[in-house]
Amino acid sequence: MKGLIEKYILPRAVDFNAALQRQVNAARDTVADLCRYYATHDYNALTKITQDERDCRHLKNQNMHELLDVFITPYDRESIYRIINQLDWIALSVKHLAIDILIYKVTCPKDYQPIFSALGAMSDALADGFNFLTQKNLHELVRVVNEIYVNYDKTVETCALAAAKHLDSGDIKAYLKHREVLNQLKEVAKRINISANSLEDLAIKLV
């Protein structure tokens with residue numbers, strides 16, 4: 001009888017915390033493959049990002065379907081919708097960056113290392129933040145979100161310095177190629193930062 005009541009009368013519930021954690025982990029994997037490319041200069045890591053993005057898009061579509069289909073959600077629907085889309089944008093922006101690197105045949109120099117390190121740290125911190133959200137450990141969540149903000153600020157500055165260095169070299173062709181890559185690196189960082197904002201929005205709903 002209890003099973004029949006749960007199946008036919010009680011509204012279906014979805015573990016959105018687990019669903020969002022899977023999506024943020026998948027987005028983090030795209031950034032990890034990007035950092036792996038920079039460390040090894042193995043273009044296979046860039047081509048793998050395309051499959052990463054497909055996996056992220058599948059999870060995004062799955063989460064959107066669940067959001068539209070269920071009656072009870074742990075946070076308001078608008079907040080869940082925003083974070084689902086922002087996580088998808090992380091993977092998409094990484095894919096766009098990989099396309100730029102492949103098409104322009106850019107080799108990222110050693111002084112880009114702080115940029116890639118910051119992106120890796122930001123994506124790891126975002127995944128940690130979702131763990132803290134599930135645990136309702138809001139103090140730790142705020143800490144990692146602030147870490148993301150700091151790394152985002154550093155990334156924007158480091159990208160600007162790198163672009164200026166290419167311009168000063170006098171090689172305009174190289175400058176134009178690297179400018180596109182640096183702009184897309186900033187876009188990846190921006191998308192992680194916006195996702196951190198959306199994560200804080202979810203946390204506020206728990207207070």
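Guide: Helices here are DSSP runs (H or I) of at least four residues, numbered from the N terminus. The model is a predicted one.

Visitor: Arg 36 and Asp 33 both lie in which helix?

Guide: The side chains of Arg 36 and Asp 33 form a salt bridge, 2.0 Å from N to O. The two residues are three apart in sequence, about one turn of the helix. The element that holds both is helix H2.

Visitor: Is Asp 33 buried or exposed?

Guide: Buried means under 20% relative accessible area. Its partner Arg 36 has 43% and therefore counts as partly exposed. Asp 33 has a relative accessibility of 3%, so the class is buried.

Visitor: Which residue in helix H3 does Asp 33 link to?

Guide: Asp 33 also takes part in a salt bridge of 3.2 Å, N to O, with Lys 48. This pair links distant parts of the chain, 15 residues apart, with Asp 33 in helix H2. The partner in helix H3 is Lys 48.

Visitor: Where in the chain is the partner of Arg 57, Asp 88?

Guide: Arg 57 and Asp 88 make a salt bridge whose closest N and O atoms are 3.0 Å apart. The pair joins distant parts of the chain, 31 residues apart, with Arg 57 in helix H3. Asp 88 lies in helix H4.

Visitor: Is Asp 88 buried or exposed?

Guide: The cut-off for buried is under 20% relative accessible area. Arg 57, at 30%, is therefore partly exposed. Asp 88 has 6%, so the class is buried.

Visitor: Which residues do salt bridges with shared partners join into one network?

Guide: A search of the whole structure gives 11 salt bridges. Asp 33 bridges to Arg 36 and to Lys 48. Bridges that share partners put four residues in one network: Asp 33, Arg 36, Lys 48 and Asp 52.

Visitor: What class of aromatic pair do Tyr 37 and Tyr 43 form?

Guide: The structure has two aromatic pairs. In the one made by Tyr 37 and Tyr 43, the centres are 5.5 Å apart and the planes meet at 55°. Planes under 30 degrees apart count as stacked and over 60 as edge-to-face, so the rest are tilted. The class of this pair is tilted.

Visitor: What class do the rings of Tyr 38 and Phe 116 belong to?

Guide: The ring centres of Tyr 38 and Phe 116 are 4.4 Å apart. Their planes are at 10°, so the class is stacked.

Visitor: How many residues apart in sequence are the parts this pair ties together?

Guide: Tyr 38 is buried at 11% relative accessible area, and Phe 116 is buried at 2%. Tyr 38 belongs to helix H2 and Phe 116 to helix H5, so the pair ties together parts whose separation in sequence is 78 residues.

Visitor: Which helix gives the most residues to the nonpolar patch?

Guide: The patch covers about 420 Å² and is made by Tyr 43, Ile 99, Leu 102, Ile 103 and Tyr 104. Ile 99 is in helix H4 and is partly exposed at 34%. With four residues, the main contributor is helix H4.

Visitor: How far apart in space are His 41 and His 58?

Guide: His 41 sits in the loop between helix H2 and helix H3 and touches Arg 36, Thr 107 and Cys 108, leaving aside residues up to four places away in sequence. His 41 and His 58 are 17 residues apart in sequence, and their C-alpha to C-alpha distance is 28 Å.

Terms used: Residues numbered from 1 in each chain as written. Predicted model: local features only at pLDDT ≥ 70, side-chain atom pairs only at ≥ 80, totals over all residues. Heavy atoms only, no water. Patch = residues over 30% accessible without salt bridge, like charges linked within 9 Å, V, L, I, M, F, W, Y side chains within 5 Å. Areas by Shrake-Rupley, 256 points an atom, 1.4 Å probe, with all protein chains shown as cover. Buried < 20%, exposed > 50% of the residue type's maximum accessible area, 1.4 Å probe, protein only. Contact = heavy atoms within 4.5 Å. Phe/Tyr/Trp six-rings, centres within 6.5 Å; stacked < 30°, edge-to-face > 60°.
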